[in-house]
Amino acid sequence: MLDDVTTATDLPDPADAPDVLDTTSRYAASILSSLHARPVVPPEGVPVGDEPLPMTGEGFAGALDAFARRWAPGFSASAGPRYLGFVTGGSTPAAVAGDWLAAVFDQNPAASDGSSAPDLERQTVRWLARMFGLGDAHAGAFVTGATMSNFVGLALGREWLGEQLGVSVADSGVGALGPVRVYSGAPHSSTYKALSMLGLGRDSLRPVPTLPDREAIDVTRLAAELDGTPAIVVANAGTVNTADFDDLRALADLRSRTPFWLHVDAAFGGFAALSPSFAHLVDGLAEADSVCVDLHKWLNVPYDAAVQFTRRRDLQVQVFRNSAAYLGLPTENPDFVHLTPENSRRLRALATWFTLTAYGQDGHRSIVERTVELARRLGDLLADTPGVRLLAPVRLNVVCFTLADSPTPERVAEAARRIAATGETFLTPTVYNGQPALRAAVSNWRTGPPDLVRIHAAIADACAGT
Ligand SMILES: *Cc1c(COP(=O)(O)O)cnc(C)c1O
């Protein structure tokens with residue numbers, strides 16, 4: 001009866017899957033085992049493809065060959081041990097495996113019907129909450145990155161502002177709010193982006209002065225700005241320039257005197273909680289109304305993954321509720337479809353589940369402690385390097401420095417180019433305290449002392465010659 005259904009020869013063949021995966025696994029292993037030897041960023045001029053849309057397929061072997069020849073040479077070794085740009089983690093072996101298996105099982109943990117996948121995500125979120133010192137009051141979900149995590153936290157802050165006025169922004173729109181004030185000391189750029197996406201506007205952010213030679217908010221100045229009108233405060237736990245931390249305990253105390261929604265951007269700084277040596281930096285985190293932590297940075301899981309937490313799940317359902325007859329209404333334990341910006345989504349919790357199960361909180365604490373130690377050593381080396389001047393103490397895993405002599409934007413950019421051209425390491429330029437600067441962030445589980453020697457030599461040469 002179904003004999004006439006097409007059996008074209010160019011359809012993918014399920015019987016090919018084992019071979020395809022074996023071949024890919026061997027190729028992937030060769031990439032990972034040579035990561036340390038690849039140029040950290042490819043030399044300029046590696047040609048990129050401009051391929052016509054394939055009408056007839058080349059088969060998997062042809063595709064892998066084409067990828068390896070035309071595209072892979074232009075990819076950075078950002079997963080490797082000496083890429084110190086932005087805050088870039090690598091991927092632990094177990095995390096890569098978990099990510100692969102997320103594709104193999106291809107679950108959609110949006111709603112609970114028929115799979116335990118959403119329960120795996122819920123459990124993994126609870127594990128993370130414990131790791132970051134949050135209590136049971138904080139619930140959360142996986143999102144794609146810290147930008148989306150900040151977006152969700154600020155969406156909840158927006159809904160909370162509406163609640164103070166007796167309106168629901170989710171129903172009536174942001175026009176029901178009137179002007180909104182968002183305060184922060186040294187916000188990450190993604191906060192402005194989130195405010196734009198939320199209809200609150202980038203101009204709603206009012207920068208609050210920071211303490212002298214710090215990127216941490218001056219709480220006294222903030223207190224003077226607040227006049228009892230409900231507002232949002234975006235606190236920072238780990239700034240990208242100097243890994244500085246707001247005094248979260250003092251902010252929570254202030255909130256008990258004057259109302260505001262306390263959102264904490266702990267994208268990478270949240271990992272301070274794992275180590276007894278640094279946990280004091282995030283003291284008070286559990287008081288936050290919403291918290292953002294990135295996972296593709298210091299947890300060393302592949303892109304893209306972050307987690308968001310809040311104490312006000314009711315507001316989260318109000319904002320992200322996706323009511324449809326076939327999905328049912330949100331319950332006490334709402335499905336993720338009612339909690340996140342996405343509806344359908346991948347089981348990105350699986351990579352995190354795998355790495356935590358394989359190496360445990362202790363293994364991840366060791367990654368954090370070792371990378372901080374390496375960053376401090378790099379800071380010590382650079383402090384004694386001619387032509388280089390440190391701009392801030394190395395508080396955690398970020399080293400912020402500039403050229404000792406006339407660090408103009410052009411000369412600092414030229415130093416960054418020379419460092420990248422060595423293929424040995426990659427740093428990102430910034431402006432700190434009005435000064436053009438470079439910053440090195442150590443966040444990769446693979447980085448070790450021999451890498452540090454090479455990184456330091458590349459920086460010292462480039463800065464001496466600039
Ligand atoms: C990286 C970072 C972000 C943005 O993270 P994405 O994962 O790129 O979306 C936000 N805040 C801080 C402090 C960060 O370090």
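1. What radius of gyration does the protein have, and what would a compact globule with 466 residues have? The protein has 24 Å, which agrees with the value near 23 Å for a compact globule of 466 residues. The radius is taken over C-alpha atoms, and the globule rule is 2.2 Å times the number of residues to the power 0.38.

2. This is a predicted model, in which local features need pLDDT of at least 70 and side-chain atom pairs count only at pLDDT 80 or more, while totals for chains, interfaces and linings use all residues. Residues are numbered from 1 along each chain as its sequence is written, and side-chain values use heavy atoms, with hydrogens and water left out.

3. The C-alpha trace spans about 75 × 65 × 40 Å along the principal axes of the protein. There are 13 helices and 11 strands, taken as DSSP runs (helices H or I, at least four residues; strands E, at least two) and numbered from the N terminus.

4. Of the 466 residues, 50% are buried, that is, under 20% relative accessible area with a 1.4 Å probe and protein chains only. Among contacts (heavy atoms within 4.5 Å) between residues at least 6 apart in sequence, 73% join residues at least 24 apart.

5. No disulfides are counted: the total is 0, a disulfide being a pair of cysteine sulfur atoms within 2.5 Å. Cys463 is in no disulfide, and its nearest cysteine sulfur, that of Cys400, is 12 Å away. Cys463 is buried, with a relative accessible area of 5%; Cys292 is also buried, at 0%.
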